[in-house]
Amino acid sequence: EGVLYVVATPIGNLEDLSARAGRILSEVDAIAAEDTRHTQRLLRHLGIERPLISLHEHNEAARVDQLRKRLADGAQLALVSDAGTPLISDPGFVLVRELRRAGCRVVPIPGPCALVAGLSAAGLPTDRFTFEGFLAAKSGARRKQLEAGASREETRVFYESPHRIRDLLEDIAAVVGERQVVLARELTKTFETLLDGSATELLRIMDEDPDQARGEFVVMLAGAPRREEAADDVEGTALIQAMLA
Ligand code: SAM
């Protein structure tokens, strides 16, 4: 029976590739990769030589039929992206959806994912959270997206590149003001940094140390105060006022 393994790869530190992921990558008939040159470097490091098939957002739909036929013939295939877990702000959704619709077996090989790594070290509530990926490139649209979720009580998680990190923080400051933000930068890499503060405070830190604006970011924004807590506050205030009267 053919299988598509969806394999998570490191987000920086190559030691994070799981033993199972390494074994699967060395055993499959071919590996579909977002950027074959990038994946080739990883495979060379692992001492693995397997045929690569390019699969990116522009040819994903066209590749579906080809890969489905190979699976029907009993092939074992892997899907990887440049970093972390495929489909998470990365290609693969259309392929996985169509293969599953066609009755193919799809098996996840879990591993690194920047959003989960960031949340696991941020100290923000994780019982519920919203992953919003990359927000719009233009500030106006981005502020609308930030506003649309501004009253949500759960933690909100965004991905951002170094090009726009300051713009995103400026928009967060404008839309939600002083709320706590945790920035996870360069996770698992040499310059891994976790910073905590309001968006305005984080911008000030970047003014003083421009290196803090470099690299890849997971941006985590505390949710709006929970309604029960907000209600408690109101009751508490009323009680204090009654006692003072
Ligand atoms: N599929 C990946 C995953 O599982 O996390 C995400 C791919 S997405 C195209 C790339 C974005 O993920 C970056 O712009 C950044 O927001 C985040 N990211 C990836 N690696 C990271 C790292 N080492 N530290 C912080 N953020 C990272």
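Select Arg156 first: opposite this residue, in strand 10, stands Leu221. The model is predicted; local features need pLDDT of at least 70, side-chain atom pairs count only at pLDDT 80 or more, and totals for chains, interfaces and linings use all residues. Numbering starts from 1 along each chain as its sequence is written.

Now show strand 7 and strand 10 whole. They pair in the antiparallel sense over five bridges. Two strands pair if DSSP finds at least two bridges between them. Strands (E, at least two residues) and helices (H or I, at least four) are DSSP runs, numbered from the N terminus.

Widen the selection to the sheet. This open sheet has five strands in the order 6-7-10-8-9, with mixed pairing. Strand 6 (129–134) and strand 9 (193–198) are the edge strands, each pairing on one side only. Neighbouring strands here are turned by 20 degrees against each other on average, direction ignored. Axes are lines fitted to C-alpha atoms, for helices over the stretch in contact; angles run from 0 to 180 degrees between N-to-C directions.

Add helix 5. Helix 5 packs on the sheet and touches strand 6, strand 7, strand 8 (180–185), strand 9 and strand 10. The direction of helix 5 makes about 50 degrees with that of strand 10. A contact means C-beta atoms, placed from the backbone, within 7 Å.

Next, pick helix 7 (residues 165–176). Helix 7 lies across strand 7, strand 8 and strand 10, running at about 5 degrees to strand 10.

Centre on Met220. Leaving out residues up to four places away in sequence, Met220 touches Gly118, Leu119, Ala122, Leu124, Thr155, Val157, Val181 and Val182. Met220 is also among the residues with the most contacts inside the largest nonpolar core, which has 53 residues. Others to colour there include Val7, Ala78, Val218 and Val219. Such a core is a set of buried Ala, Val, Leu, Ile, Met, Phe, Trp, Tyr and Cys residues joined through C-beta atoms within 7 Å. Buried means 20 or more other C-beta atoms within 10 Å of a residue's own, all placed from the backbone.

Then turn to the ligand. Of the 23 residues around the ligand, Gly84, Ala114, Tyr159, Leu187 and Glu216 come nearest. A residue belongs here if its C-beta atom, placed from the backbone, lies within 6 Å. Helix 5 (114–122), strand 7 (155–160) and strand 10 (217–221) each supply at least two residues of this shell.

Finally, zoom out. The protein has nine helices and ten strands. The C-alpha atoms fill a box of roughly 80 × 40 × 35 Å along the principal axes.

Notes
Contact = placed C-beta atoms within 7 Å. Buried ≥ 20, exposed ≤ 12 C-beta atoms within 10 Å, placed from the backbone.
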